[in-house]
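Thanks for making the time this morning. I would like to go through one structure with you, starting from its charged side chains and then moving out to the sheet and the helices that pack on it.

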Amino acid sequence: LEFMSKYRKQLPGSRFSINLTPASVGRLQFASEVKHLLERYKIEPWQLIFEVTESNSLTNLEQANATLTMLQNMGCRIAIDDFGTGYASYARLKDISADILKIDGSFIRNVLTSSLDYQIVDSICQLARMKKMQLVAEYVESEAVKAAVQSLGIDYIQGYLVGRPLLLEKLVIQENRDTE
């Protein structure tokens with residue numbers, strides 16, 4: 001949030017995803033701490049996407065849901081990361097409130113060569129649409145995979161086709177080059 005505040009003019013309207021650990025999402029005061037930091041750094045809640053990995057280490061599901069709901073009520077978005085590889089994915093999805101579902105790259109990378117992976121991705125897409133969630137395909141590394149996931153109705157792509165991960169400071173340098 002400090003970075004977002006410092007480079008507000010260079011990166012206007014930017015949105016950032018923050019991965020949360022099960023310990024963070026399970027803490028009672030986490031949402032109020034986020035609210036305080038948003039006010040301190042004058043960041044709009046819509047600029048933050050909190051990513052939680054659906055896993056069996058999310059032991060206090062009731063507290064996690066309460067925290068995620070509070071973050072959503074503030075205006076932050078919630079994404080379930082690496083969906084499809086964790087513990088009881090479909091069962092947990094019924095009970096967790098999220099805006100975005102990120103389909104694990106282990107399915108996406110083989111979507112063109114494995115009919116089973118294709119059917120799994122299609123099934124995840126149908127479920128997400130029923131829950132009115134946006135979809136992200138992880139590990140998109142070719143135009144062919146991009147076309148396949150777009151044909152399935154996936155909203156966003158993530159992977160080396162779009163760009164490699166960067167340090168935050170490199171975003172500002174990259175942005176300055178793009179505007180020159």
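Let me begin with a question: is Glu 33 buried, partly exposed or exposed? Please keep in mind throughout that what you see is a predicted model. Glu 33 has a relative accessibility of 32%, so it counts as partly exposed, since that class lies between the 20% limit for buried and the 50% limit for exposed. Its partner is Arg 27, and the two side chains meet in a salt bridge with an N to O distance of 2.6 Å. Arg 27, at 29% relative accessibility, also counts as partly exposed.

That is one of the 5 salt bridges counted here, and I would like to set another beside it, namely the one in which the side chains of Lys 102 and Glu 51 meet at 3.0 Å, N to O. Lys 102 lies in strand β4, residues 100–103, and Glu 51 in strand β2, residues 48–53, so this pair ties together parts of the chain that are 51 residues apart in sequence. As for accessibility, Lys 102 is buried, with a relative accessible area of 6%, and Glu 51 is buried as well, at 5%. Both residues also belong to a network of salt bridges, in which Glu 51, Asp 81, Lys 102 and Glu 138 are linked.

A further salt bridge joins the side chains of Asp 99 and Arg 77, at 3.9 Å from N to O. Here too distant parts of the chain are linked, with Asp 99 in the loop between α5 and β4, and Arg 77 in strand β3, residues 77–83, 22 residues apart.

Now to the sheet itself. How many strands form it, and in what order? There are 6 strands in an open sheet with parallel pairing, and the order is β1-β2-β3-β4-β5-β6. At the edges stand β1, residues 16–20, and β6, residues 156–157, each with a single partner strand, so one side of each is left without a neighbour in the sheet. The pairing of β1 with β2 is parallel and runs over 5 bridges, and Ser 17 has Ile 49 in β2 as its bridge partner.

Finally, the helices. Helix α4, residues 61–74, lies across β1, β2 and β3, and runs at about 130 degrees to β3. Helix α7, residues 115–130, packs on the sheet and touches β3, β4 and β5, with its direction making about 175 degrees with that of β4.

Key
Residues numbered from 1 in each chain as written. Predicted model: local features only at pLDDT ≥ 70, side-chain atom pairs only at ≥ 80, totals over all residues. Heavy atoms only, no water. Salt bridge = Lys/Arg side-chain N within 4 Å of Asp/Glu carboxyl O. Buried < 20%, exposed > 50% of the residue type's maximum accessible area, 1.4 Å probe, protein only. Helix = DSSP H or I, 4+ residues; strand = E, 2+ residues; numbered from the N terminus. Pairing = 2+ DSSP bridges. Contact = heavy atoms within 4.5 Å. Axes fitted to C-alpha atoms, helices over the stretch in contact; angles between N-to-C directions.
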